[in-house]
Amino acid sequence: QVQVVESGGGLVQPGGSLRLSCAVSGGIFSIGAFDWYRQAPGQQRELVAMISASGSTNYVASVQGRFTVSRDSAKNTTYLQMNSLKPEDTAVYYCNVNLQQLGDTYFRSYWGQGTQVTVSP
């Protein structure tokens with residue numbers, strides 16, 4: 001059973017920093033890309049950052065230069081370092097991972113439960 005667990009959210013003042021983590025476990029053969037999404041109240045879920053299996057990264061324009069996505073393949077974990085946080089970054093942040101389980105011949109997408117990030121004075 002695959003588990004995707006995010007952590008690291010919380011309340012931070014504008015200009016502050018947080019680091020989110022997303023750990024994957026459970027019968028994994030291979031992991032492809034990790035994606036970080038966020039969803040603010042009343043808004044659609046948006047893709048914020050992604051990191052491929054080879055380490056290539058992409059970011060939405062609104063976080064470029066402030067957020068950094070990374071991965072530790074030995075730990076099956078991805079991180080989202082968020083600096084210079086703004087009130088408009090407030091949202092539930094979700095991790096999505098594409099992976100191949102042991103015994104499978106295809107990749108599937110799995111979601112974490114989300115972690116709340118609130119940026120407020």
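## Salt bridges, loops and strands

Biologist: Does Arg38 count as buried or exposed?

Modeller: Arg38 has a relative accessibility of 7%. The cut-offs are under 20% relative accessible area for buried, over 50% for exposed, and partly exposed in between (1.4 Å probe, protein chains only). So Arg38 counts as buried.

Biologist: Before we go on, what kind of model is this, and what is left out of the side-chain values?

Modeller: It's a predicted model, so to speak with strings attached: local features need pLDDT of at least 70, side-chain atom pairs count only at pLDDT 80 or more, and totals for chains, interfaces and linings use all residues. Residues are numbered from 1 along each chain as its sequence is written, and side-chain values use heavy atoms, leaving out hydrogens and water.

Biologist: Back to Arg38, then. What separates the closest N and O atoms in its salt bridge with Glu46?

Modeller: A salt bridge here is a side-chain nitrogen of Lys or Arg within 4 Å of a carboxyl oxygen of Asp or Glu. On the partner side, Glu46 is partly exposed, at a relative accessible area of 29%. Between Arg38 and Glu46, the closest N and O atoms are apart by 2.7 Å.

Biologist: Arg38 also pairs with Asp89; how many residues apart in sequence are the parts that this pair ties together?

Modeller: The closest N and O atoms of Asp89 and Arg38 are 2.9 Å apart. Arg38 is in strand 4 (residues 28-39) and Asp89 in the loop between strand 8 (77-82) and strand 9 (91-101), so the pair ties together parts whose separation in sequence is 51 residues.

Biologist: And Asp89 itself, buried or exposed?

Modeller: Its loop position might leave you guessing. Asp89 has a relative accessibility of 0%, so the side of the cut-off is clear: Asp89 counts as buried.

Biologist: Which residues make up the salt-bridge network?

Modeller: Start from the two bridges of Arg38, one with Glu46 and one with Asp89. The network of linked salt bridges takes in Arg38, Glu46, Asp89 and also Arg66.

Biologist: How many salt bridges does the rule give?

Modeller: Besides those of Arg38, there's one between Arg108 and Asp104, with the closest N and O atoms 3.6 Å apart. Arg108 is partly exposed there, at a relative accessible area of 39%. The count of salt bridges comes to four.

Biologist: Zooming out, how many helices and strands does the protein chain have?

Modeller: The elements are DSSP runs numbered from the N terminus: helices are H or I with at least four residues, strands are E with at least two. Reading from the N terminus, the chain runs β-β-β-β-β-β-β-β-β-β-β. That comes to zero helices and eleven strands.

Biologist: What is the radius of gyration, and why does it fit a compact globule?

Modeller: It's taken over C-alpha atoms, and the globule rule is 2.2 Å times the number of residues to the power 0.38. For 121 residues that gives a value near 14 Å, and the chain agrees, because its own radius of gyration is 14 Å.

Biologist: What share of the contacts joins residues at least 24 apart?

Modeller: A contact means heavy atoms within 4.5 Å. Counting contacts between residues at least 6 apart in sequence, the share joining residues at least 24 apart is 55%.

Biologist: Where is Asn76, the non-glycine with a positive phi?

Modeller: Most residues other than glycine have a negative phi. Asn76 has a phi of about 50 degrees and is partly exposed, at a relative accessible area of 26%. Its place is the loop between strand 7 (67-72) and strand 8.

Biologist: Ser84 also has a positive phi; what is its value?

Modeller: Ser84 is found in the loop between strand 8 and strand 9. At 39% relative accessibility, Ser84 counts as partly exposed. Its phi is about 50 degrees.

Biologist: How far apart are the C-alpha atoms of Ala74 and Leu85?

Modeller: Ala74 is in the loop between strand 7 and strand 8, and counts as exposed at 76% relative accessibility. Along the chain, Ala74 and Leu85 are eleven residues apart, and their C-alpha atoms are separated by 29 Å.

Biologist: And what about the C-alpha atoms of Glu88 and Thr118?

Modeller: Glu88 lies in the loop between strand 8 and strand 9 and is exposed, with a relative accessible area of 55%. Glu88 and Thr118 are 30 residues apart along the chain, with their C-alpha atoms separated by 9.0 Å.
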